[in-house]
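Student: I'd like a close look at just one part of this model. Could you walk me through it and how it fits with the rest?

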Amino acid sequence: MAAPRVIPCLDVDAGRVVKGVRFQGLRDAGDPVTQAALYQEQGGDEIVILDVSATPEGRGHAVDTTSSVREVLSIPLTVGGGVRSTDDAQALLEAGADKVAVNSAAVDRPELIGEIAQQFGSQCTVLAVDAARRENGGWEVVVNGGRTRTGIDVEQWVRVATDLGAGEILLTSWDRDGTRSGYDLDLLAAVSCSVRVPVIASGGADTAEHLGQALEAGASAALIASILHDGVTTVSSLKKELLASGFEVRP
Amino acid sequence: MSADVVIVPTGLANTASIVAAFRRLGAETRLAERADEISDAGAVVMPGVGAFGAAVERIDAAGWREPLTERIADGRPTLAVCLGLQLLFDESEESPGASGLGVIPGTATRLPDNVTVPQLGWNRVAVDTESRFVEPGWAYFANSYRVESVPEGWEGTTADHGGAFVSTIERGDVLACQFHPELSGTWGSDLLRRWLDGTRGGS
């Protein structure tokens, strides 16, 4: 079996790494090339870069950031944020992304998933989903940094997206993001049961125990961000703890 | 001979990663445009990603089938990555009816239903026989299809995802990897270096 992955994530705004809580209150957390190289060195299995720029000028940096990071990275690189067309996807892939993540544009127009998968392959088509708990049970897809609730059921959406060709799900719990209270394990279990493609757990990690819980709930990979950027821990110490707990991660 | 590595642009998605990986090793790369560039090149990389049928169409439309088949059959320095490995065979369940290069008899089949598909992630490569290039270690895979056993006349290594499958095959200066050496960290970079160094002067 492929080993469970630990994936550092860089939220990038206008070419700088930032981190906020629940997509708000962004703080500067460094240079993406330096950070990506550091996390690769620490044993990160892949790097995810999500462009969170609010302006078109800011988003204009995404391609440059991708090619600069590619130069130093000999592990896979996924780039998302603002991908609205196959042209956007192509620009990022040509710059050196190995996978592109689509999020709100796919909610607006699900065919985009199929178009990207058709042209570049399912293995590089990632669906990013921001999921918020509903009061009456289940989860719904949210967009616009959690400001817009779409009413779309998350479990249904991931099934539709994988049928269209998405090869991986990057599943962020909006309720847990940046809170360091652990991943939403019910959400992970529900989504992992709904699809056969790998699911990446995101939102809420604080400890190696949280990562282990996500993997046990069915995730193939665990995304981490703020605990790395804030120097709370390193990829290598998280992986050491996971190995000691019996998870066969790549050492 | 040329120190250049000529890349056969069968698809787009991982070309930049391949280029960057060779650049870090100090090797220049260029994309093939004409068939004779593939025949004449000291070293050729076939970085296939995407669908089997689409890659075959591209190869045939560009007239690359013959120079590729020839250099692989002759054991000249050629590196096939991911789908590139599967393209050496007759066909794939992914695209029924599409003819692979057919240098090796056999069919690429879909990974079984009891594991995540695509396989996206790091997996252990086991080296049970002699290999000029491959050492045991962790490699990064991104595949939904695979070849189930090492073909006759080739040396090979395996990995396991719902059962053993072929992770590399080699013969002469031809090396085909189901994983992505360009994305397999230091281990992958060392593998690329051994292939480059080991095959230099081979043409």
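Tutor: Sure, let's begin with the whole: chain A has 11 helices and 12 strands, where helices (H or I, at least four residues) and strands (E, at least two) are DSSP runs numbered from the N terminus. This is a predicted model, so local features need pLDDT of at least 70 and side-chain atom pairs count only at pLDDT 80 or more, while totals for chains, interfaces and linings use all residues. Residues are numbered from 1 along each chain as its sequence is written, and chains are lettered from A and ligands numbered from 1 in the order in which they are written.

Now for our part, helix 6 of chain B. Its 15 residues reach 21 Å from first C-alpha to last, close to the 21 Å expected at 1.5 Å a residue (that is 1.5 Å times one less than the number of residues). Buried residues of helix 6 of chain B include W187(B), L191(B), L192(B) and W195(B); buried means 20 or more other C-beta atoms, placed from the backbone, within 10 Å of a residue's own. Among the elements covering the buried residues of this helix are helix 1, strand 3 and strand 8 of chain B.

How does this tie in with chain A? In all, 30 residues of chain B are in contact with 28 residues of chain A, contact meaning C-beta atoms, placed from the backbone, within 7 Å. Helix 6 is one of the elements of chain B that each supply at least two residues to that side, along with helix 1, strand 7 and strand 8. Strand 7 of chain B gives the most, with 5 residues.

Methods: Two residues are in contact if their C-beta atoms, placed from the backbone, lie within 7 Å. A residue is buried if 20 or more other C-beta atoms lie within 10 Å of its own, exposed if 12 or fewer, and partly exposed in between; C-beta atoms are placed from the backbone.
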